[in-house]
Amino acid sequence: LNPHFIFNALTAVQNYMLSGKDLREATKYLSNFAKVMRAFLEYNQEEQITLDKELHALELYVGIQKLRFSNGFRFEVNLDDEIIPEEVLVPPMIMQPLIENAIEHGIRNMENGEIILSYQLQGESLLMQVSDNGIGRERAATENPKAKDKTSLATKITNERISLLNKKGRGSYRFNLTN
């Protein structure tokens with residue numbers, strides 16, 4: 001969980017309160033933030049959680065992000081018909097940094113942004129994929145020269161987690177990033 005998210009979420013609650021907006025909205029935002037933090041802290045104590053728990057935490061997370069951005073965006077989850085979320089095990093919050101990256105760097109400043117999270121069975125393997133309709137990594141690097149040589153925190157975190165999972169020998173994990 002990126003520390004910037006925590007800071008931004010609490011700042012957004014503060015802004016709700018100071019702007020004179022509906023106190024119920026600020027309370028709802030704060031309540032959702034507390035649920036996200038609880039899920040993240042609880043689930044990250046486990047090596048694996050069920051996919052339904054993962055999706056629940058991601059929906060809470062995305063809900064907070066939607067409240068932060070006034071342009072709104074669409075978040076869709078697609079599961080293969082054969083997948084039973086209560087039975088499939090995944091590393092906890094493995095997709096969160098990638099979704100955060102898609103929001104912050106892909107669709108943050110655009111209207112009609114969308115993020116699609118897909119889970120597909122390929123033989124004995126589970127393919128997890130995040131895609132968005134943002135400007136793309138190459139164009140983002142062109143528009144922001146500082147970002148060109150910088151490794152994304154989400155990419156770094158995910159690569160480190162994949163490496164640790166593979167060292168434990170409980171499955172075979174891979175991470176691919178495409179533009």
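A residue counts as buried here when its relative accessible area is under 20%. That cut-off is handy from the start, because Met 93, with a relative accessible area of 3%, falls on the buried side of it. Keep in mind as you look around that this is a predicted model.

Let's stay with Met 93 for a moment. You'll find this residue in the loop between β3 (89-90) and α4. Its backbone is worth a look too: phi is near 55 degrees, a positive value in a residue that isn't glycine. As background, most residues other than glycine have a negative phi. Now go to the other side of α4, to the loop between α4 and β4, and you come to Asn 112. Asn 112 isn't a glycine either, yet it has a positive phi of about 60 degrees. Is Asn 112 buried or exposed? At 65% relative accessibility, Asn 112 counts as exposed, whereas Met 93 is buried.

On to the sheet. Three strands make it up, in the order β2-β4-β5, and the sheet is open with mixed pairing. The edges are β2 and β5 (125-132), each of which pairs on one side only. From one strand to the next, the twist averages 10 degrees. For the mixed pairing, take the two pairs of strands in turn. β2 and β4 run parallel, with seven bridges between them, while β4 and β5 are antiparallel and joined by eight bridges. As a general reminder, strands of a sheet pair through backbone hydrogen bonds, either parallel or antiparallel.

A good residue to pin the sheet on is Tyr 119 in β4. Leu 79 stands opposite Tyr 119, and Tyr 119 in turn stands opposite Met 128 in β5. Right beside that, Ser 118 has Gln 129 in β5 as its bridge partner. Follow β4 to where the chain turns back into β5 and you reach a hairpin with two residues between the strands, where Gly 123 takes a positive phi near 65 degrees.

Next, the helices that sit against these strands. α3 lies across β2 and β4, running at about 170 degrees to β2. α4 packs on the sheet as well, touching β2, β4 and β5, and its direction makes about 150 degrees with that of β4.

What do these elements share? Look at the largest nonpolar core, which has 43 residues; Phe 73, Met 95, Ile 99, Leu 117 and Tyr 119 are the members that touch the most others. The elements giving two or more residues to this core are α1 (3-18), α2 (23-43), α3 (51-68), β2 (73-79), α4 (96-107), β4 (113-122) and α7 (153-168). In general, nonpolar side chains in soluble globular proteins tend to be buried together.

Ile 99 gives you a feel for the packing. Leaving aside neighbours within four places in sequence, Ile 99 is in contact with Leu 58, Tyr 61, Val 62, Phe 75, Ile 115, Leu 117 and Val 130. Phe 73, another of the well-connected core members, has a charged visitor: Lys 66 lies over the face of its ring, at 5.8 Å from the ring centre.

Tyr 61 leads us to the structure's one aromatic pair. Its partner is Phe 40, and the geometry is tilted, with 6.3 Å from centre to centre and 35 degrees between the planes. Because Phe 40 lies in helix α2 and Tyr 61 in helix α3, the pair ties together parts that are 21 residues apart in sequence. Both Phe 40 and Tyr 61 are buried.

Arg 38 is found in helix α2 too, but this one is exposed, with a relative accessible area of 61%. Arg 38 and Ala 57 are 19 residues apart in sequence and 9.2 Å apart in space, C-alpha to C-alpha.

Last stop: helix α7, where you'll find Thr 158. This threonine counts as buried, at 2% relative accessibility. Which residues does Thr 158 contact, leaving aside its neighbours within four places in sequence? They are Ile 94, Pro 97, Leu 98 and Phe 175.

Conventions:
Residues are numbered from 1 along each chain as its sequence is written. This is a predicted model: local features need pLDDT of at least 70, side-chain atom pairs count only at pLDDT 80 or more; totals for chains, interfaces and linings use all residues. Side-chain values use heavy atoms; hydrogens and water are left out. A nonpolar core is a set of buried Ala, Val, Leu, Ile, Met, Phe, Trp, Tyr and Cys residues joined through side-chain atoms within 4.5 Å. Buried means under 20% relative accessible area, exposed over 50%, partly exposed in between (1.4 Å probe, protein chains only). Helices (H or I, at least four residues) and strands (E, at least two) are DSSP runs, numbered from the N terminus. Contact means heavy atoms within 4.5 Å. Rings of Phe, Tyr and Trp (its six-membered ring) pair if their centres lie within 6.5 Å; planes under 30 degrees apart count as stacked, over 60 as edge-to-face and the rest as tilted. A charge sits over a ring if NZ of Lys or CZ of Arg is within 6 Å of the ring centre and within 35 degrees of the ring normal. Two strands pair if DSSP finds at least two bridges between them. Axes are lines fitted to C-alpha atoms, for helices over the stretch in contact, and angles run from 0 to 180 degrees between N-to-C directions.
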